[in-house]
Amino acid sequence: MVAERGFTLRTPIPEVRAALAEVAESHNFPFCVQDAKRSPAPGTLASERGIRSYYLLELTGIARGVLLVAHTDAAPRGFTLLCRRLGARLAGISSTVVGAAITQEWIADESGRVEAGFAALES
């Protein structure tokens, strides 16, 4: 998912996903960059000229993935200690919420499969 606030990514979403999937396997987390000119964002995101600073956070559990938070030309700044603490908390909560959603989706699929199996037995 991409949430844009005053800045629109030019990189297509599938390319963003691919870049973050690669990051998930190759980075230590959290990873905070205060100057994207010195250390560009990963993968094809490096060509996004408006990214000023970014923060990569790990999503854990069954929600395994990467959360990327970026400051852009729309509101240029870095990440304070408070920002980094909030980001870490956001990643933890997001892992739980996304994990619960994945579990709920799995339960619904399994329930439908079991119901279909019982319906086939009854007919």
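**Cysteines, Asp73 and the nonpolar core**

Trainee: Why is Cys32 called partly exposed?

Mentor: In this predicted model, Cys32 has a relative accessibility of 28%, and since partly exposed covers the range between 20% and 50%, Cys32 counts as partly exposed.

Trainee: How do you know that Cys32 is in no disulfide with Cys83?

Mentor: The closest cysteine sulfur to that of Cys32 belongs to Cys83 and lies 8.4 Å away, whereas a disulfide needs the two sulfur atoms within 2.5 Å, so the separation is too far for a bond. Cys83 is likewise in no disulfide, and the structure holds zero disulfides.

Trainee: What makes Asp73 partly exposed, and where is Asp73 placed?

Mentor: Its relative accessibility is 41%, which falls between the limits of 20% and 50%, so Asp73 counts as partly exposed. Asp73 sits in the loop between β3 (65-72) and α2 (81-122).

Trainee: What makes the pairing of the Asp73 and Arg52 side chains a polar contact?

Mentor: The distance given for the two side chains is 2.6 Å, set against a cut-off of 3.5 Å for a suitable pair of N or O atoms, so the pair qualifies as a polar contact. Leaving out residues up to four places away in sequence, Asp73 touches Arg49, Gly50 and Arg52.

Trainee: Which residues form the largest nonpolar core?

Mentor: That core has twelve residues, among them Val16, Leu20, Ile51 and Val66, and its largest share, four residues, comes from α1. A second, separate core of six residues includes Tyr55, Leu57, Leu59 and Phe79.

Notes. Residues are numbered from 1 along each chain as its sequence is written. This is a predicted model: local features need pLDDT of at least 70, side-chain atom pairs count only at pLDDT 80 or more; totals for chains, interfaces and linings use all residues. Side-chain values use heavy atoms; hydrogens and water are left out. Buried means under 20% relative accessible area, exposed over 50%, partly exposed in between (1.4 Å probe, protein chains only). Helices (H or I, at least four residues) and strands (E, at least two) are DSSP runs, numbered from the N terminus. Contact means heavy atoms within 4.5 Å. A polar contact is a pair of N or O atoms within 3.5 Å; within protein, one must be able to donate a hydrogen and the other to accept it, and residues adjacent in sequence count only if both atoms are side-chain atoms. A nonpolar core is a set of buried Ala, Val, Leu, Ile, Met, Phe, Trp, Tyr and Cys residues joined through side-chain atoms within 4.5 Å.
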